[in-house]
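Take a moment with the sequence and the structure before reading on. Then follow the chain with this report.

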Amino acid sequence: MTLTDQMRLRTIFIALAICVVAPALAQRGNDKSGNPLLNGRATVSGNIIDAESTVPVAQTAIQLFAMPDTTSVAGTVSDNYGHYSIQKLAVGSYLLRYSFLGYETQEKQFNVVRSDREIDLGTLR
C-alpha cells in the first residue's frame with residue numbers, strides 16, 4: 001500500500017467518524033424537542049385506572065402542558081399496568097391531560113417546586 005493510498009484511507013475514515021459522531025454531539029444535553037421546560041430534575045408519575053372496575057388502563061395518551069398558557073411540554077402513554085412517568089420537569093405549574101378511546105378526557109393540575117424530585121400524582125381515574 002502506497003503512502004497516497006494510506007492517506008486516502010485515513011481521510012475516508014476521519015470523514016466517516018465525523019459523520020457518525022457530530023450528530024450525536026449536537027443532540028447531547030437536549031431533549032428531542034429542545035424544550036427548556038424539560039431541563040429540570042423533577043419526575044411526575046402515577047397510574048391510570050378505570051373508575052368502575054379499578055383495572056389499569058394501558059396505552060392511555062398523556063399530555064403535559066405548562067400553565068397558564070398551556071404550552072405543550074411533553075407526552076407519553078401509560079404502560080400495560082397503567083403507569084406513566086415524565087422526567088426532567090423544571091419548576092412551574094403544569095396541567096396533565098389524559099385520555100383513552102371510549103373514556104372522557106380528564107385533567108390534573110400540579111406544581112413543581114425547587115425541592116421536588118419525585119411527584120407522584122397517585123391513581124387517576
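The report goes from the overall layout to the two sheets, and then to a few unusual backbone spots.

## Overview and confidence

This is a predicted model. How sure was the predictor? The average pLDDT of the protein is 82. A score of at least 70 is reached by 78% of the residues. One stretch falls well outside that group: residues 24-33 have a pLDDT below 50. Beyond near neighbours in sequence, this stretch makes 3 contacts in the model. Where pLDDT is low, the predicted coordinates should not be read in detail.

The protein has 1 helix and 7 strands. Along the sequence, the pattern reads α-β-β-β-β-β-β-β. The helix therefore comes ahead of the strands in the chain.

The protein has 125 residues, and 27% of them count as buried. Its exposed surface is about 8,600 Å². Carbon and sulfur atoms supply 55% of that surface. What share of the contacts links residues 24 or more positions apart? Among contacts with a separation of 6 or more, the share is 57%.

## The four-strand sheet

Strands of a sheet pair through backbone hydrogen bonds, either parallel or antiparallel. In one open sheet, 4 strands line up in the order β3-β2-β5-β6. The pairing here is antiparallel. Which strands stand at the edges? They are β3 and β6 (106-112). Each has a single partner strand, so one side of each is left without a neighbour in the sheet. From one strand to the next, the twist averages 25°.

Look at β2 and β5 (residues 92-99). They run antiparallel and are joined by 6 bridges. One residue to find is A66, whose bridge partner in β5 is Y94.

Y94 also takes part in an aromatic contact. The protein has 2 aromatic pairs. One of them joins Y94 and F110, and this pair is stacked. The ring centres are 5.6 Å apart, with 20° between the planes. Y94 belongs to strand β5 and F110 to strand β6, so the pair ties together parts that are 16 residues apart in sequence. Are these two residues buried or exposed? Y94 counts as buried, at 2% relative accessibility. F110 is buried too, with a relative accessible area of 7%.

## The three-strand sheet

The other sheet to trace is also open. Its 3 strands follow the order β4-β1-β7, and their pairing is mixed. At the edges stand β4 (83-89) and β7 (118-124). Each of these has a single partner strand, so one side of each lacks a neighbour in the sheet. Neighbouring strands are turned by 15° against each other on average, direction ignored.

How many bridges join β1 to β4? There are 5, and the two strands run antiparallel. Within this pairing, V44 stands opposite I86 in β4.

S45 is a good residue for exploring this sheet. It sits in strand β1. S45 is buried, with a relative accessible area of 12%. Leaving out residues up to four places away in sequence, S45 touches H83, Y84, S85, I119, D120, L121 and G122.

## Unusual backbone spots

Most residues other than glycine have a negative phi, and most peptide bonds are trans. Which residues here have a positive phi although they are not glycine? T54 is one, with a phi of about 60°. Q59 is another, at about 65°. T54 lies in the loop between β1 (42-48) and β2. Q59 is in the loop between β1 and β2 as well.

How covered are these two residues, and how do they compare with the buried residues met above? The table lists the values.

| Residue | Relative accessible area | Class |
|---|---|---|
| T54 | 47% | partly exposed |
| Q59 | 44% | partly exposed |
| S45 | 12% | buried |
| F110 | 7% | buried |
| Y94 | 2% | buried |

The cut-off for buried is under 20% relative accessible area. At 47%, T54 is therefore not in the buried class.

One peptide bond also stands out. The bond from M67 to P68 is cis, with omega near 10°. Where is P68? It is in the loop between β2 (61-66) and β3 (71-77).

Definitions and conventions: Residues are numbered from 1 along each chain as its sequence is written. This is a predicted model: local features need pLDDT of at least 70, side-chain atom pairs count only at pLDDT 80 or more; totals for chains, interfaces and linings use all residues. Side-chain values use heavy atoms; hydrogens and water are left out. Buried means under 20% relative accessible area, exposed over 50%, partly exposed in between (1.4 Å probe, protein chains only). Contact means heavy atoms within 4.5 Å. Accessible areas come from the Shrake-Rupley method with a 1.4 Å probe; for residues, only the protein chains shown count as cover. Two strands pair if DSSP finds at least two bridges between them. Axes are lines fitted to C-alpha atoms, for helices over the stretch in contact, and angles run from 0 to 180 degrees between N-to-C directions. Rings of Phe, Tyr and Trp (its six-membered ring) pair if their centres lie within 6.5 Å; planes under 30 degrees apart count as stacked, over 60 as edge-to-face and the rest as tilted. pLDDT is the predictor's confidence in each residue, from 0 to 100.
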